[in-house]
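Student: Hi! Could you walk me through this one?
Tutor: Sure, take a look and we can chat about it.

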Amino acid sequence: MTLLPPDALADRLKSGLLSFPVTHFDADLQFDEARYREHLAWQAGFDVAGLFAAGGTGEGFSLTPEEIDRVVRVAVEEVADRVPVIAPATGGTAVSVAQAQAAEAAGASGLLLFPPYLTEASQRGLVEHISAVCRATDLGVIVYSRANAVLTDATVAEVAERNPNLIGLKDGVGDIEQMTRTYARVGDRLIYIGGLPTAETFALPLLQLGVTTYSSALYNFLPEFALRFYAAVRAQDRTAVYQMLNDFVIPYLDIRDRARGYAVSIVKAGLTAVGRDGGRVRPPLADLTEAELAELTALVDKVS
Ligand SMILES: O=C([O-])C(=O)C[C@H](O)[C@@H](O)C(=O)[O-]
């Protein structure tokens, strides 16, 4: 499983739901390896196409580079015999290149390249950043368009042309015109992954724009519901999708939208709500209040 060539990895990822597991911390907010392993083994027990370690839902932005390396190694050890493990590359070009090489050495199957932190960047600069990371590895790379690295269709076309191992675009923007332009220009040369917060919300309309899969944070604590939702999207069963949006996703968004950063905090709370103890988030995120957790638990009980 770990030695998937980029094309084979793309084929696998585009045809199933993707898991973005949380990273567990103990009471001192240190990485809790035992609980993380247990969570990954549970996640890999369902029909999932790929597992992205230390992503956004995995609070990768709050981990040190050493912790990211450890989390990736643990994920590879625990589940890579069953599910491809995709590792993160984050920050500036030098750090991202080092993380790409570390991920390959750790036995990851692919890479998700996150936006560089803080600075603004031109499209020309982003082309060089993405190309440098692709050149540094034989792994298939997926680039995440979001925040300070929102890619135009021309940029996506150029990086796809220059880098044979660039296999996918993950969209964290949701700009319909931009996605239409990108798919019209680049087509099936890349796979397209929905990556907006609570990706289910956008899944049905984005399917029309070539986005055949998404990174489900809900899958962390409601894997069966998330898989039913994904199957309904792929079958274009509008009735079933809107039923599940009304029953769970939209009321869930009402809780999620009460504080910035809750898109991640609520996932750990969701694990606690289903009796699996998600633990706390690291600052700068904040945990849900007890009252919000009770509200979420009541909501989760209705669909689990
Ligand atoms: O690393 C990331 O970008 C994510 O964790 C994305 C989320 O899984 C997002 O798609 C969601 O909340 O469903």
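Tutor: One term before we start: a residue counts as near a molecule if its C-beta atom, placed from the backbone, lies within 6 Å of it. Also keep in mind that this is a predicted model.

Student: Okay, so how many residues surround the ligand, and which are the closest?
Tutor: There are 14 residues around the ligand, and the closest are Gly-55, Gly-56, Thr-57, Ala-199 and Ala-217.

Student: Which strand gives the most to that shell?
Tutor: That would be β8, residues 211-216, which supplies three residues.

Student: And what's the shell like by class?
Tutor: It has seven nonpolar residues, seven polar ones and no charged ones.

Student: Where does Thr-57 sit?
Tutor: Thr-57 is in the loop between β2 (50-52) and α3 (65-79). The UniProt annotation "binding site", from an unreviewed entry, covers Thr-57.

Student: Is Thr-57 buried or exposed?
Tutor: Thr-57 is buried, because 23 other C-beta atoms lie within 10 Å, and 20 or more is what a residue needs to count as buried.

Student: What does Thr-57 touch?
Tutor: Not counting residues up to four places away in sequence, Thr-57 touches Phe-20, Val-22, Ala-217, Asn-220, Val-264 and Val-267. Ala-217 has come up already, as one of the closest residues to the ligand.

Student: New topic! How do the strands fit together overall?
Tutor: Eight strands close into a barrel, in the order β1-β2-β3-β4-β5-β6-β7-β8, and the pairing is parallel.

Student: What holds paired strands together in general?
Tutor: Strands of a sheet pair through backbone hydrogen bonds, either parallel or antiparallel.

Student: Can you show me a pair in this barrel?
Tutor: Sure. Strand β1 (residues 18-19) and β2 pair in the parallel sense over two bridges, and Leu-18 stands opposite Gly-50 in β2. Another pair is β4 (residues 110-113) with β5, parallel over four bridges. There, Leu-113 has Val-143 in β5 as its bridge partner.

Student: How many of β5's residues are buried?
Tutor: Six of its six residues are buried. Both faces are covered, with Gly-140, Ile-142 and Tyr-144 on one side and Val-141, Val-143 and Ser-145 on the other.

Student: Tell me about Val-143, then. Why is it called buried?
Tutor: Val-143 is buried because 29 other C-beta atoms lie within 10 Å. Leaving aside neighbours within four places in sequence, Val-143 is in contact with Leu-113, Ile-130, Leu-151, Val-159, Leu-166 and Leu-169.

Student: Which residues have the most contacts in the largest nonpolar core?
Tutor: Of the 94 residues in that core, Val-72, Val-85, Leu-111 and Leu-113 touch the most other members. Leu-111, for instance, is in contact with residues including Ile-86, Ala-100, Leu-139 and Ile-142.

Student: Where does UniProt put the active site?
Tutor: The unreviewed UniProt entry places the feature "active site" at Tyr-144 and Lys-170. They span 27 residues in sequence, yet no two of their C-alpha atoms are more than 4.6 Å apart, so they gather at one spot.

Student: Which strands are they in?
Tutor: Tyr-144 is found in β5, and Lys-170 lies in β6 (residues 166-171).

Student: Is Lys-170 buried or exposed?
Tutor: Lys-170 is buried, with 27 other C-beta atoms within 10 Å. Tyr-144 is buried too, with 25.

Student: What are they in contact with?
Tutor: Tyr-144 touches residues including Leu-112, Pro-115, Lys-170 and Gly-195. For Lys-170, the contacts include Leu-112, Ile-142, Tyr-144 and Gly-195.

Student: Last bit: anything curious in the backbone?
Tutor: The peptide bond from Pro-283 to Pro-284 is cis, with omega near 10°. Pro-284 lies in the loop between α11 (262-273) and α12 (290-303).

Student: What about positive phi values?
Tutor: Leu-29 has phi near 65°, a positive value in a residue other than glycine, and Leu-118 has phi near 70°. Leu-29 is in the loop between β1 and α2 (33-44), whereas Leu-118 is in the loop between β4 and α5 (123-135).

Student: And how covered are those two?
Tutor: Leu-29 counts as partly exposed, with 13 C-beta neighbours inside 10 Å. Leu-118 is exposed, with 9 other C-beta atoms within 10 Å.

Technical notes
Residues numbered from 1 in each chain as written. Predicted model: local features only at pLDDT ≥ 70, side-chain atom pairs only at ≥ 80, totals over all residues. UniProt positions renumbered as here; feature names shortened; annotations may be inferred. Buried ≥ 20, exposed ≤ 12 C-beta atoms within 10 Å, placed from the backbone. Contact = placed C-beta atoms within 7 Å. Core = buried A, V, L, I, M, F, W, Y, C linked by C-beta atoms within 7 Å. Nonpolar A, V, L, I, M, F, W, Y, C, P; charged D, E, K, R; others polar. Pairing = 2+ DSSP bridges.
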